[in-house]
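Thanks for coming, everyone. I'll take one structure today and walk through how its parts fit together. Here it is.

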Amino acid sequence: MKILSVKDLTIEFHDHKLPERAVEKVSFDMDEGEVLGLVGESGSGKSLTAMAIAGLLPRKRLNAFGEIIFEGKDMLKIPRSELRELQGDELSVIFQEPMTALNPTMRIGKQVEEPLFIHHKELSDAERKAKALDWLEKVELHDPERVYHSYPHELSGGMRQRVMIASAMVSDPKLLIADEPTTALDVTVQAQIIKLLLRLNLKQKVAILFISHDLSLVKQISENVIVMQNGSIVEKGKTKDVFDSPVEEYTKKLVAAIPEVRF
Ligand SMILES: Nc1ncnc2c1ncn2[C@@H]1O[C@H](COP(=O)(O)OP(=O)(O)OP(=O)(O)O)[C@@H](O)[C@H]1O
Ligand SMILES: [Mg+2]
């Protein structure tokens with residue numbers, strides 16, 4: 001079953017006199033439970049594509065054209081109120097730097113519970129707390145009760161990213177968009193987070209759009225991959241095929257630059 005269909009997504013800035021295209025005619029689909037990698041050099045349009053899918057583009061500064069159908073709705077056209085119903089519920093996003101995404105003055109537990117406050121008002125305080133603790137455990141944080149009462153600065157970077165994942169997953173989304181989720185972490189922690197995401201994909205059947213400039217990570221996590229350059233897709237297919245026999249010159253160069261063994 002298809003859960004996401006992006007058709008001819010084009011994103012323009014209109015800060016300048018002439019509109020500048022940052023994303024041009026990007027089209028792809030995602031199936032339920034699929035892990036799709038999105039790679040490409042810095043500035044190729046990966047994050048803008050992700051933000052558009054999540055309904056997070058600043059509409060004032062940017063013009064987006066085309067279609068992004070998620071759950072039967074066009075994310076580019078539905079009103080803000082409907083977007084907010086989907087965000088953090090059916091669809092969640094995690095970013096590179098969890099410190100900026102977390103509120104430094106709020107205890108971890110409350111932040112993990114936040115999506116439930118918004119989207120599952122029927123839950124009692126105790127039920128919400130139980131769910132948050134359960135998720136802190138599912139993301140493999142030891143002593144969830146202690147983490148629940150901690151503030152972000154009391155945790156390591158890897159722990160904070162686990163908290164972000166718990167908060168993104170607590171309402172059982174169908175699609176998780178992970179934009180460079182491990183880039184700020186050291187290699188060992190990176191590997192643990194990748195394994196965690198794969199386990200969640202398997203157990204919770206959540207589809208993951210995994211964005212990274214690191215091809216070796218994408219190779220480990222995703223069955224299919226999209227390669228972007230200058231705002232356009234230059235190649236897409238099964239990760240194995242794209243990596244073993246890239247067709248486009250740009251992909252060949254990217255693949256040639258992957259270090260042999262990472263883990
Ligand atoms: N707020 C903005 N104002 C003007 N230009 C922007 C803005 N955000 C992004 N851009 C431009 O849009 C293009 C695509 O940016 P985007 O952030 O999607 O790239 P990316 O592939 O995610 O790069 P990275 O790997 O560095 O995260 C870039 O050329 C960038 O300079
Ligand atoms: Mg980016």
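Which residue stands opposite Lys-73 in β5? Phe-70 does. One caution before I go on: this is a predicted model.

Let me stay with those two strands. β4 and β5 run antiparallel and are joined by two bridges. They form a hairpin, with two residues between them. Look at Glu-71 in that turn: its phi is positive, at about 55°.

Now widen the view to the sheet. The hairpin strands β4 and β5 belong to an open sheet of four strands. The order is β2-β1-β4-β5, and the pairing is antiparallel. β2, residues 20–31, and β5, residues 73–74, are the edge strands. Each has a single partner strand, so one side of each is left without a neighbour in the sheet.

In the middle of that order, β1 meets β4. β1 covers residues 2–13 and β4 covers residues 62–70. Eight bridges join them, and the two run antiparallel. To get the register, take two pairs. Lys-7 stands opposite Glu-67 in β4. Ile-11 stands opposite Ala-64 in β4.

Next, what lies across this sheet? Helix α1 lies across β1, β2 and β4. Its direction runs at about 120° to β1.

α1 also takes us to the ligand. The helix spans residues 46–53 and gives the most to the shell around ligand 1, namely three residues. Going through the shell, we have Phe-13, Ala-22 and Gly-40. Then come Ser-42, Gly-43, Ser-44, Gly-45, Lys-46, Ser-47 and Leu-48. His-213 completes the list. By class, the shell has seven polar residues, three nonpolar and one charged.

On to the other sheet. Six strands form an open sheet, ordered β6-β7-β8-β3-β9-β10, and here the pairing is mixed. At the edges are β6, residues 91–94, and β10, residues 232–238, each pairing on one side only. From one strand to the next, the twist averages 15°.

At the β10 end, six bridges join β10 to β9, residues 224–229. These two strands run antiparallel. One of the bridge pairs is Val-227 with Glu-235 in β10. At the other end, α7 packs on the sheet and touches β6 and β7, the latter being residues 175–179. The direction of α7 makes about 170° with that of β6.

That helix, α7, has helical partners too. Start with α8. α7 is residues 157–169, and α8 is residues 187–204. Their axes are 10 Å apart, at an angle of about 15°. That makes the two helices roughly parallel. The crossing is right-handed. On the α7 side, the contact uses Gly-158, Gln-161, Ile-165 and Met-169. On the α8 side, it uses Val-189, Gln-192, Ile-193, Leu-196, Leu-200 and Gln-204. That contact has six nonpolar residues, four polar and no charged ones.

The second partner is α4, residues 108–119. Here the axes are 7 Å apart, and the angle is about 30°. α4 and α7 are therefore roughly parallel as well. α4 brings Ile-108, Gln-111, Val-112, Glu-114 and Pro-115. They meet Val-163, Ala-166 and Ser-167 in α7. By class, this contact has five nonpolar residues, two polar and one charged.

To recap α7: it packs with α8, with α4 and on the six-stranded sheet. Questions, please.

Conventions. Residues numbered from 1 in each chain as written. Chains lettered and ligands numbered in written order. Predicted model: local features only at pLDDT ≥ 70, side-chain atom pairs only at ≥ 80, totals over all residues. Axes fitted to C-alpha atoms, helices over the stretch in contact; angles between N-to-C directions. Parallel < 35°, antiparallel > 145°, perpendicular 65-115°, else oblique. Left-handed = near helix turned anticlockwise from the far one by under 90°. Contact = placed C-beta atoms within 7 Å. Nonpolar A, V, L, I, M, F, W, Y, C, P; charged D, E, K, R; others polar. Near = placed C-beta within 6 Å. Pairing = 2+ DSSP bridges.
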